[in-house]
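Grab a pencil and open the structure viewer. Below are a few short exercises, each with its solution worked out step by step.

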Amino acid sequence: MTTLVVPKRHKRFTGKKVSLTISAWTMGFFFFAPYLQMLLTALKPKEEITAIPATYFPKKWAFDNFIGVWKEIPLMGFLKSSFIISLSATIIVIFIAVPAAYYVARNNFRGKKLFLLLVLVTQMFAPTALVVGIFREIVKFHLVDTYLALILIYAAFNMAFSIWILSSFFASIPQEIEEAAWIDGCSRFTTLTRIVLPLALPGLVTAFIFTFIAAWNEFVIALTLTSSPEREPLTVGLTSLIGQYQVQWNYLFAGSIIAIVPVVILFAMIEKWLVGGLTAGSVK
Amino acid sequence: MAQRAANKSRLGALPWIAPALVMILVFVVWPAFEMLRTSFQEVGSTGAVKGWAGWQNFATLIQNPDLPNVLIRTIIWVFGVVFFTMIISLPVAQLLNAKYPGRKVVRWAIIIPWAASLVMTSTVWKWILDAYYGVLNKIAMDLHILKEPIDWLANTKQSFVWLMVVAVFVSIPFTSFVILAGLSTVPHDIMEASKVDGASSWQNYRAIIFPLLRPSLFVAAVINLINVFNSFPIIWVITGGGPGYETDTTTTLAYKISFRDQDVGQSASMAAINFAIILVFIGLFLKASKNQEQS
């Protein structure tokens with residue numbers, strides 16, 4: 001193995017570079033700081049939480065808060081609800097968005113423009129804007145306080161992102177690859193599942209993660225449609241603790257950290273595809 | 001190819017897009033229709049429809065003594081938050097784009113408020129702003145900015161400013177990443193050429209980069225307008241729109257009238273007005289995307 005030595009210009013650590021680095025790191029810290037505060041509070045023992053004056057760091061690091069939290073608040077129940085709802089909504093979205101995105105990417109058809117417009121408008125409408133109507137509809141369907149109501153609504157409102165992202169991935173796969181498969185006797189369906197989907201795997205992963213997180217983080221609809229604690233997802237369950245007589249901030253934030261960390265890691269994984277999916281319809 | 005044609009001729013697009021279409025019609029279009037209809041109905045506090053009300057709900061809403069202030073506040077909220085978000089996101093995007101050690105870590109840090117649940121972010125801000133135990137007072141006193149702790153959320157005007165700060169904080173990540181995506185489309189040689197010409201970086205930015213960023217900025221601004229207008233968890237968690245209705249926007253007001261005051265009809269008329277406002281924003285967005293296609 002030969003190493004190619006390229007004569008480099010001498011790296012200069014000029015003042016400009018140093019100040020750039022410092023300002024960027026400071027900015028990064030600023031955005032991280034509230035979550036650091038969340039973590040530090042989660043690691044304080046109960047008596048230090050309400051110490052006056054407040055302290056920055058725990059005097060005694062209460063790592064066992066992350067064990068105690070499971071007993072002190074019904075975290076397991078909240079996690080279970082969030083997980084069932086988010087996963088089901090995501091699976092529905094994938095099953096619905098894949099065929100729609102595939103067809104849109106490969107064909108021109110009458111009403112395509114109208115369909116895409118409808119999808120775009122759906123994306124722009126947060127469920128918050130329609131919550132009054134959604135509540136009345138769900139009452140009519142006798143689905144108040146069920147997982148199913150949340151699953152269906154989250155699926156409907158988050159489908160748009162997946163349709164955009166998947167159709168752009170499908171469109172980037174050369175048609176010739178599919179045609180070769182048809183000549184070999186594959187049906188359109190097997191071509192899709194065996195050839196196209198594996199090639200569009202990054203798109204599928206992105207759609208999956210995005211929908212899951214959107215459902216995981218949703219608040220207004222869950223707040224409105226759930227009434228029994230055992231069906232409350234994390235967002236609603238954790239905030240309901242604030243209203244109670246004595247807020248156990250350390251456990252509240254320990255629960256929040258447990259809810260946030262996996263989501264941030266997943267989100268960072270799909271970051272480079274996000275902007276394209278969220279601004280779809282305008283950025284082509 | 002023959003198979004493709006055959007596929008097209010019979011049912012066409014329907015088998016492929018029907019599930020998506022059904023979901024949109026049942027869970028997006030229907031609630032919108034239901035909401036608009038309810039705004040013209042007389043609804044009892046149990047939710048039962050008593051009959052048509054004509055414009056009565058809208059009349060009740062207009063006579064609502066809190067409405068004028070809520071409207072003004074909503075305008076300040078939407079335009080203030082979006083304005084500051086855009087202004088701050090421009091340099092943030094530059095910093096995300098520049099080269100320095102640890103850029104990846106800085107990008108990850110900025111992703112956190114975007115990825116994390118808004119409710120939990122709002123909760124920790126409420127805690128940071130706490131009069132007795134909050135870390136903000138601690139920092140301000142250690143830096144000798146304050147002598148006494150302040151109850152940041154006690155006074156309505158002050159707490160509304162903090163709500164806006166939190167809203168800007170959570171809106172910057174998305175916005176700066178959209179601008180970052182726009183920056184990556186600025187051709188490298190254009191930048192180099194202007195440097196050779198001896199243009200200063202500020203001149204560079206104003207004359208060359210900023211015009212190229214305009215499409216991304218417009219898209220980011222419109223999406224932010226809609227998101228900020230619809231924003232709910234920040235206000236709900238930190239002040240609950242209170243005291244009274246003094247930190248409410250039209251979005252939280254519609255929610256409160258419906259689910260706390262049980263006046264579904266009046267709430268639906270507020271929501272219908274909100275709905276119309278969002279439609280206007282969406283129209284702007286569509287216009288922006290058309291312009292972009294042409295350029």
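**Exercise 1.** Work out whether B:Gln262 is buried, exposed or partly exposed.

*Solution.* B:Gln262 has 14 other C-beta atoms within 10 Å, so it is partly exposed (20 or more would make a residue buried, 12 or fewer exposed, in between partly exposed, with C-beta atoms placed from the backbone). Next, locate B:Gln262: the loop between helix 12 and helix 13 (264-294) of chain B (helices are DSSP runs of H or I, at least four residues, numbered from the N terminus). Last, check its backbone: phi is near 60 degrees, a positive value in a residue other than glycine.

A word on the source: this is a predicted model, where local features need pLDDT of at least 70 and side-chain atom pairs pLDDT 80 or more, while totals for chains, interfaces and linings use all residues. Residues count from 1 along each chain as its sequence is written, with chains lettered from A and ligands numbered from 1 in the order written.

**Exercise 2.** Do likewise for A:His142: what is its phi, and where does it lie?

*Solution.* Phi is near 55 degrees, again positive in a non-glycine residue. A:His142 sits in the loop between helix 6 (131-140) and helix 7 (147-171) of chain A. With 8 C-beta neighbours inside 10 Å, A:His142 counts as exposed.

**Exercise 3.** Find which residues a cis peptide bond joins in chain B.

*Solution.* Look at B:Gly242 and B:Pro243, where omega is about 0 degrees. B:Pro243 belongs to the loop between helix 11 (233-238) and helix 12 (250-259) of chain B.

How values were computed:
Helices (H or I, at least four residues) and strands (E, at least two) are DSSP runs, numbered from the N terminus.
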